[in-house]
Amino acid sequence: MGGEVVARSAIDQQRAGIAVVDSDGTVTWTDEAWAADDGEASLPRVPIGANLLEAYREYSDPRAQAIANAIAAVLEGKVTYFEIEHRSDPDSPSFLTSVAALRGSGAGAVVIDKVVGGREPSERHRPTVVRASGGAPFGHEGERLTPREREVLDLMAMGLDNRAIAAKLRIEYTTVRGHVRAVIEKLGARSRLEAVARAYRNGWVPKG
Amino acid sequence: MSIGRDERAAPVYPVPSHVCLLHHGEAEMRPAVLEFMREAVDRPNEALLCFGEPGVGERLLRDLEAHMGHEFTADRRAGRIMVGEAHSDVDQQLENFIAPLEELRARGFALVRFVGVVAWDVRHFPPPEDFLWFESKMNEVIAELPVVGLCPYDLARIPARGIAYGALETHPFVLCDGVLRENPQFIPPDRYVRERLLRLPWLQGEGLS
């Protein structure tokens, strides 16, 4: 999911706070909900000009650490979209923080923090849910791909060679080569076809 | 059905065509391959590309020189006889194959013959599944070109899965014991990825190897 889509979707949500960060994690834009910081979010709303990545890294709170890791992963191009869901205890609201790459804007990312859960004590306790392991902030392998790499993977699955993919996407052959190599590496495959087979089996490419 | 063959004549290859040669050991391969190559050398309006693992193409040409009793120095210098090398990266291998074909085509040769010596799961060669994709892709690459390709599959060296999925499913024609036949097992390249490659036994399950 691209950053714009995430942002547009979240703007429609009540109590969503949105921040845009540049390539080093500095906040460059926020929406009113983020700026207002009603205190409900439990984590500080880092203001424009401050570094969200560094600020969250200084907190011992696991959610802050997870968000920092997610931002770093998105900025490094390792993932395009990341979600962290958190509830500190059964009586607290649940927060969903999404970090997404800003499509077409270089290394920037958008961070959206919103309340998604109720306060009802009967609701199942849900601790921080992070698609990460060993400190490495990853979703499943398919989520590591950039939007362009996903397009390339779709065309690989159709059996196209690099020249045909370059013609189809109107990009340079050498650029396609780079994307194909990245796809193979990110999917943990040893070969072009193993990457396609893995994507096909996991439903990351159309089965039509 | 057999095509254009009697007991004395060499096979008559359709143009374009992508043919697998099934043979058992080098002794069976040499006569068929050297005859195929010799025809290109003998005809000035034809060109020849020898493709395979590093060193294989050169060795084939030396064998042919010995067979014909003269060197091809002038033809090689003129680029009528070329050598292409396989590569462990299938995309690079495809480029190594297409680039000389395009060059020979641009220079207007009436026919380009290539010999692509097959290897399986060895260093300097793509992984098997990528090699199968390459073999299937050959059919698209030569579809509009005056090209005839002969791919020797050594039954003594290539595993059964290589013969079944490669020789028999990626070549529209099979040459065996001197007889050229249309191949009913052939799967067109636009169906090969989904019908075969994604179903390869070693690509199934979580433990891909």
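This report describes the fold of chain B, its contact with chain A, and the nonpolar cores in a predicted model.

Chain B contains 7 helices and 7 strands. Along the sequence, these elements follow the order β-α-β-α-α-β-α-β-α-β-α-β-β-α. Of the 209 residues in chain B, 42% are buried. Among contacts in chain B with a separation of 6 or more, 73% join residues that are 24 or more positions apart.

The largest nonpolar core has 81 residues, and those that touch the most other members are A:Leu153, B:Val19, B:Leu21, B:Val33, B:Leu49 and B:Val115. Helix α1 of chain B, residues 26–42, gives this core its largest share, 7 residues. Another core lies apart from it and holds 33 residues, including A:Ala33, A:Leu53, A:Phe82 and A:Ala101.

Two residues of chain B illustrate the surroundings in more detail. B:Leu21 is in contact with B:Met29, B:Ala32, B:Val33, B:Leu150, B:Cys151, B:Pro152, B:Tyr153 and B:Leu175, when neighbours within four places in sequence are left aside. B:Tyr153 belongs to strand β5 of chain B, which spans residues 147–154. B:Tyr153 has 23 other C-beta atoms within 10 Å and is therefore buried, the cut-off being 20 or more. Its contacts, not counting residues up to four places away in sequence, are B:Cys20, B:Leu21, B:Leu22, B:Val118, B:Ile158, B:Ile163, B:Gly166 and B:Ala167. The C-alpha atoms of B:Tyr153 and B:Leu22 are separated by 5.2 Å, although the two residues are 131 residues apart along the chain.

Two helix pairs are set out below, one between the chains and one within chain B.

| Helix pair | Axis distance | Crossing angle |
|---|---|---|
| α8(A), residues 192–201, and α5(B), residues 128–141 | within 7 Å | roughly 100 degrees |
| α1(B) and α2(B), residues 56–68 | 10 Å | about 80 degrees |

Because of its crossing angle, α8(A) is roughly perpendicular to α5(B). In this pair, A:Arg192, A:Leu193 and A:Glu194 of α8(A) meet B:Glu129, B:Asp130 and B:Trp133 of α5(B). By class, the contact comprises 2 nonpolar, no polar and 4 charged residues.

The helices α1(B) and α2(B) are likewise roughly perpendicular to each other. On the α1(B) side, the contact is formed by B:Arg30, B:Val33, B:Leu34, B:Met37, B:Arg38 and B:Val41, while α2(B) contributes B:Leu60, B:Asp63, B:Leu64, B:His67 and B:Met68. These residues divide into 7 nonpolar, 1 polar and 3 charged. B:Val33 of α1(B) thus takes part in the contact with α2(B), is in contact with B:Leu21, and is listed with the residues that touch the most other members of the largest core.

Helix α5(B) has 14 residues and reaches 20 Å from its first C-alpha to its last, close to the 20 Å expected at 1.5 Å a residue. This helix is mostly covered, with 13 of its 14 residues buried.

The contact between the chains takes 15 residues from chain B and 13 residues from chain A. On the chain B side, α4 (90–106), α5 and α7 (189–195) each supply at least two residues. The largest share of that side, 4 residues, comes from α5(B). By class, the side of chain B that touches chain A has 10 nonpolar, no polar and 5 charged residues.

Definitions and conventions
Residues numbered from 1 in each chain as written. Chains lettered and ligands numbered in written order. Predicted model: local features only at pLDDT ≥ 70, side-chain atom pairs only at ≥ 80, totals over all residues. Core = buried A, V, L, I, M, F, W, Y, C linked by C-beta atoms within 7 Å. Buried ≥ 20, exposed ≤ 12 C-beta atoms within 10 Å, placed from the backbone. Contact = placed C-beta atoms within 7 Å. Axes fitted to C-alpha atoms, helices over the stretch in contact; angles between N-to-C directions. Parallel < 35°, antiparallel > 145°, perpendicular 65-115°, else oblique. Nonpolar A, V, L, I, M, F, W, Y, C, P; charged D, E, K, R; others polar. Expected span 1.5 Å × (residues − 1).
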